[in-house]
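These are my notebook entries on what I looked up in the structure, kept in the order in which I went through the helices and then single residues.

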Amino acid sequence: GVNIPGAELKLPALTDKDMQDIEYGIKNDIDFIAASFIRKGSDVADIKDFVKKTHAKYWPEHHPVPGIISKIENQEALKNYDSILSESFGIMVARGDLGVEIP
């Protein structure tokens, strides 16, 4: 990957490949989704919306939905930590990437 300290990138929370992988995981009854490159709480909310819609296609309403584990990798995510945490089941920290990003 490439680190550009301080840059706020305009990238979608989910790529087409991410959606395919998540759907495969939901069909196979995964418990958690590890989400990389999360920058703000709305990124997690977007993933949760997709998960909820996809989950409804395969499982009854009472079946547990996979939790989102958000990976904090850059300064923007650190700045938005509280909103990310409030949308996430758990947090994972990329120490090496943060070491490059934060002076």
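**Entry 1: helix H2**

I began with helix H2, residues 41-58, which has 18 residues and reaches 26 Å from its first C-alpha to its last, close to the 26 Å expected at 1.5 Å a residue. The expected span here is 1.5 Å times one less than the number of residues, and helices (H or I, at least four residues) and strands (E, at least two) are DSSP runs numbered from the N terminus.

Before going on I noted that this is a predicted model, in which local features need pLDDT of at least 70 and side-chain atom pairs count only at pLDDT 80 or more, while totals for chains, interfaces and linings use all residues. Residues are numbered from 1 along each chain as its sequence is written, and side-chain values use heavy atoms, with hydrogens and water left out.

I then looked up which residues of H2 are buried, and found Gly41, Asp43, Val44, Ile47, Phe50, Val51, Thr54 and His55. Buried means under 20% relative accessible area, exposed over 50%, and partly exposed in between, with a 1.4 Å probe and protein chains only. These buried residues of H2 pack against helix H1 (16-27), strand S1 (32-38), strand S2 (67-72) and helix H4 (81-87), where contact means heavy atoms within 4.5 Å.

**Entry 2: H1 against H2**

Two packed helices are described by the angle between their axes and the distance between the axes. For H1 and H2 I recorded an angle of about 45°, with the axes 10 Å apart, and that makes H1 oblique to H2. The axes are lines fitted to C-alpha atoms, for helices over the stretch in contact, and the angles run from 0 to 180 degrees between N-to-C directions. Angles under 35 degrees count as roughly parallel, over 145 as roughly antiparallel, 65 to 115 as roughly perpendicular, and the rest as oblique.

On handedness, I noted that H1 passes H2 in a right-handed crossing; a crossing is right-handed if the near helix is turned clockwise from the far one by less than a right angle, and left-handed if anticlockwise.

Which residues meet in this contact? From H1 I listed Met19, Ile22, Glu23, Ile26 and Lys27, and from H2 their partners Ile47, Phe50, Val51, Thr54, His55, Lys57 and Tyr58. The residues of this contact divide into seven nonpolar, two polar and three charged, counting Ala, Val, Leu, Ile, Met, Phe, Trp, Tyr, Cys and Pro as nonpolar, Asp, Glu, Lys and Arg as charged, and the others, Gly among them, as polar.

**Entry 3: Ser70 and Ile84**

Is Ser70, in strand S2, buried or exposed? Ser70 is buried, with a relative accessible area of 0%. Leaving out residues up to four places away in sequence, Ser70 touches Ala35, Ile38, Val44, Ile84, Ser88, Gly90, Ile91 and Met92.

I followed one of these contacts to Ile84, which lies in helix H4 and counts as buried at 0% relative accessibility. Ile84 and Ser70 are 14 residues apart in sequence and 7.4 Å apart in space, C-alpha to C-alpha. With the sequence neighbours up to four places away again not counted, the residues that Ile84 touches are Ile38, Arg39, Lys40, Gly41, Val44, Ser70, Ile72, Ala77 and Ile91.

**Entry 4: positive phi**

Most residues other than glycine have a negative phi. I therefore wrote down Asp29, whose phi is near 60°, a positive value in a residue other than glycine. Asp29 sits in the loop between H1 and S1 and is partly exposed, with a relative accessible area of 35%. Phe37 also has a phi near 60°, but its place is in strand S1, and Phe37 is exposed at a relative accessible area of 60%.

**Entry 5: residues at the surface**

Asp18, in helix H1, counts as partly exposed at 29% relative accessibility. Asp18 and Ala35 are 17 residues apart in sequence, and their C-alpha atoms are 9.2 Å apart in space.

My last look-up was Pro103, in the segment after helix H5 (95-101), which counts as exposed at 96% relative accessibility. The C-alpha atoms of Pro103 and Gln75, 28 residues apart along the chain, are separated by 9.7 Å.
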